[in-house]
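Me: I should like to go through the terms used for this model and the grounds for each of them. Please set each term against its criterion.

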Amino acid sequence: MRSRYYWRSQLDALHADDIEGSWGGTPLMRLTILHVPDCPNVATLQDRIGRLITAEGVVTLRVVDSADLAAEVGMTGSPTLLVDGVDPFAEPGRSASLSCRLYRDAAGRLAGSPSLAQLRHALDPLAAIDRDEP
């Protein structure tokens with residue numbers, strides 16, 4: 001099994017003009033921000049993600065303007081971050097919604113987007129492996 005440092009070095013080796021890495025030409029991670037029009041928290045989420053990743057153009061913004069579309073794409077409030085199509089901040093029982101989404105940080109405070117620490121964990125490939133294990 002490869003160490004955490006190996007995977008971190010692989011992520012650090014990405015360049016803005018080569019976001020596909022060396023694993024068969026597929027992107028390492030697809031990030032999608034689902035949001036309602038004029039959501040005031042999208043800019044904060046984009047800024048925080050930008051602080052954590054160096055490759056540009058890896059975040060897709062998708063406007064969700066109907067309840068049907070929110071249900072189809074898995075948006076449980078705006079903004080919702082999808083990492084490879086999965087919401088790393090999903091909470092059991094939350095239904096699709098066009099409302100503002102609030103995130104609780106480690107201290108219990110509410111905010112309109114995940115904290116840097118929460119995003120760092122969500123974007124860590126080893127954390128994703130941990131989430132998939134029973």
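Me: Which residues are exposed on the other side of helix 2?

Reply: In this predicted model, Ala43 and Arg51 are exposed on the other side of helix 2. The term requires over 50% relative accessible area, so both residues are taken to exceed that cut-off.

Me: What makes Val42, Leu45 and Ile49 the buried residues of helix 2?

Reply: Buried means under 20% relative accessible area. Val42, Leu45 and Ile49 are the residues of helix 2 (residues 42-52) that are classed as buried, and therefore they fall under that limit.

Me: Why are the buried residues of helix 2 said to line one face?

Reply: Viewed along the helix axis, the buried residues lie within an arc of 65°, so they line one face of helix 2. They pack against strand 1, strand 2, strand 4 and helix 4 (116-123).

Me: How is helix 2 placed with respect to strand 1?

Reply: Helix 2 lies across strand 1, strand 2 and strand 4, and runs at about 170° to strand 1. Angles run from 0 to 180 degrees between N-to-C directions, so a value of about 170° means that the two directions are nearly opposed.

Me: What makes strand 1 and strand 4 a pair?

Reply: Pairing requires at least two bridges. Strand 1 (residues 31-35) and strand 4 have 4 bridges in the antiparallel sense, so the criterion is met. In one of these bridges, Thr32 is partnered by Leu82 of strand 4.

Me: Why are strand 2 and strand 4 called edge strands?

Reply: The open sheet has 3 strands in the order 2-1-4, with mixed pairing. Strand 2 (59-63) and strand 4 (80-83) each pair on one side only.

Methods. Residues are numbered from 1 along each chain as its sequence is written. This is a predicted model: local features need pLDDT of at least 70, side-chain atom pairs count only at pLDDT 80 or more; totals for chains, interfaces and linings use all residues. Side-chain values use heavy atoms; hydrogens and water are left out. Contact means heavy atoms within 4.5 Å. Buried means under 20% relative accessible area, exposed over 50%, partly exposed in between (1.4 Å probe, protein chains only). The arc is that of the directions from the helix axis to the C-beta atoms.
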